[in-house]
Amino acid sequence: MNTNIFDETFNKDFFLNNFGKKYLYKKDIIRNHSKIMSLDILNEILSIRTNWNNKNFIMMLDRKPINYSEYSSLFLETAGKFLRPDVDKVQNWISRGSSIVLNEIDSMNTGLMSVANELQSLTGGRCQGNLYFSMQSHQAFGPHCDEHDVFAIHFEGEKIWNIYENIELNPINHPNFKYSPEERIKKAGKLIDQVTLRPGDLLYLPRGQYHDALASMSGAIHVAFGLTYLKPIDIISVLWDKLINSDYMRQDIDRKSTKQDLKNHLKTIALELEKVICTDENTEIFFNNIEKWPYKFKDYSLNNIISEGRKYKVSKLVKIEKNGEQAFLTNGNNKVLIPKEYLEVTNFILKQDFVTDHLINSNFKHLSKTIIIDCLKKLNDMKVIS
Ligand SMILES: [Fe+2]
C-alpha cells in the first residue's frame, strides 16, 4: 500500500520551519488512514497470539505499568510453553481503564510499513512505530520527552496532546536521561499548546520536546513513529576496532604515574584519537553508515512472483559464436550448436542478467510455447541459466 502522506509543499515547509526545531500539527493529512489502522485491524493483529510477548505488549494503568503476569497465561505451542497476553485478562484490564502499548508495530501490516518507509525516506532516520490504545481519561504517561523525533498519527477516537515549553537537549536512551515523574513535570515547564488529534491527523514533535496525551474518548488509537538519526556517539562504537589496532591505546599505564604523567597521557590519547579517527577511510565508513542507517522495511509480493513465473539467473561465462550460417554456445572450452529455432530466444537471454517465464513469453509471442519451454529446459540443463 502506498500512503503518500507527504506532498511537496509539506516537505518544503516542514524542513524550513519544523524539522528538529518546532512541533507541527496537521489536520486530516493521512490518506487511507482507516485502511492502515482501525479498531477492527487492531483486533485482528492482537488476535495473532504468537506475535506478542512481555517486550512488545505492555499494559499501563494510570501512569503505572501492569505486571505482565497479571494479563498473560501459559499457552502450549509447537516450540514449547509461552506466556502470552490472555484475551479475557487483557479485556478485563481495558474495561478498568488500562492502556495497551504495542512496541515495534511498524511491520505488522503493509500500510504501517509504507508509512514507516515514507518517514524514513523523508528524514533519513531509522523508524520504529509503537501503537497506543487508550481509554477515556486514563493517562498512560505523564509529561516526558522522547529521545527521537515523533510523528504521531491518529487512527481512532480522540486524544488531547499537551505540549510544554521546554525541549531537552539531545536526550538518548541512557540512565543519565532518566528522570522521576516529579523531575519530568518540573523539566517540562509551562503548557504552551493543546491540540486534539482525530483520525487522519498528524502531530510532529522534535526530539526532546516535552509533551503528554490524554484520550478524550474511549478506544483512542495512535501510532507514534519514532525517527532516530545517526549520532557521533554511534560512530565511536563503529570505529572502536580502529582504536584496538593502535599500539598506544593497548599499552599498560604505569600504576606509579604522577598526576602530571596522567595529564600527559590524556593529551597523547587525544592526539592518538585524532590520528586514528580522522582518516579518509573512516570518512567513507561514516558515509556508508549514514547510507545504510534506515531499516529495510520490505513487504512480500507473492502475486508478482506468481505472475512472473520462474526466475533464472543468466550465466555470464557463456557467449554465442558464429561460424558462417551456424551459431554455437561456447564457454571457451566447449561448443554446442544452437538449433535455428532457438537462436533468437538464446540471443535475447544472454543479453540479460535475469529472465522470467513471463519476460520470455511476452517478448516471443510469435514462437510456440513448446519451443520456448524446450529452449529454457536445454539452457537450464547446460547451466546457461539457473
Ligand atoms: Fe512520548
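The paragraphs below lead through the structure from its domains to its sheets, one helix, the nonpolar cores and two backbone details.

This is a predicted model, in which local features need pLDDT of at least 70 and side-chain atom pairs count only at pLDDT 80 or more, while totals for chains, interfaces and linings use all residues. Residues are numbered from 1 along each chain as its sequence is written.

The protein chain is assigned domain 1 (8–228), domain 2 (232–291) and domain 3 (302–381), with bounds that come from an automatic or database domain assignment. Taken over C-alpha atoms, the centres of domain 2 and domain 3 are 56 Å apart.

We turn next to the sheets. Helices (H or I, at least four residues) and strands (E, at least two) are DSSP runs, numbered from the N terminus, and two strands pair if DSSP finds at least two bridges between them. Strands of a sheet pair through backbone hydrogen bonds, either parallel or antiparallel. One open sheet has 8 strands in the order E1-E11-E8-E13-E7-E6-E2-E3, and its pairing is antiparallel. Because E1 and strand E3 (64–65) stand at the edges with a single partner strand each, one side of each is left without a neighbour in the sheet. Within this sheet, strand E6 (residues 99–102) runs antiparallel to strand E7 (residues 126–134) and is joined to it by 3 bridges; Val 101 has Tyr 132 in E7 as its bridge partner.

Another open sheet has 3 strands, ordered E10-E9-E12, again with antiparallel pairing. Here strand E10 (191–197) and strand E12 (209–215) are at the edges, each with a single partner strand, so one side of each has no neighbour in the sheet. From one strand to the next the twist averages 20°, where axes are lines fitted to C-alpha atoms, for helices over the stretch in contact, and angles run from 0 to 180 degrees between N-to-C directions. Strand E9 (residues 159–167) pairs with E10 in the antiparallel sense over 6 bridges, and Ile 160 has Thr 196 in E10 as its bridge partner.

Helix H5 (residues 110–123) has 14 residues, which at 1.5 Å a residue should span 20 Å, and its end C-alpha atoms are 20 Å apart, which agrees; the expected span is 1.5 Å times one less than the number of residues. A residue is buried if 20 or more other C-beta atoms lie within 10 Å of its own, exposed if 12 or fewer, and partly exposed in between, with C-beta atoms placed from the backbone. By this rule H5 is mostly covered, as 10 of its 14 residues are buried, among them Gly 111, Leu 112 and Val 115. The buried residues of H5 pack against H2, E7, strand E8 (149–156) and strand E13 (220–228), contact being C-beta atoms, placed from the backbone, within 7 Å.

A nonpolar core is a set of buried Ala, Val, Leu, Ile, Met, Phe, Trp, Tyr and Cys residues joined through C-beta atoms within 7 Å. The largest has 48 residues, of which Leu 112, Val 115, Ile 153, Val 223 and Phe 225 touch the most other members. E13 gives the most to this core, with 6 residues. A second, separate core of 14 residues includes Leu 329 and Ile 338.

Most residues other than glycine have a negative phi. Asn 32, however, has a positive phi of about 55°; Asn 32 sits in the loop between strand E1 (24–26) and helix H2 (33–36). Lys 383, in the segment after helix H14 (369–381), likewise has a positive phi, near 65°, and counts as exposed because it has 11 C-beta neighbours inside 10 Å.

Methods:
Contact = placed C-beta atoms within 7 Å.
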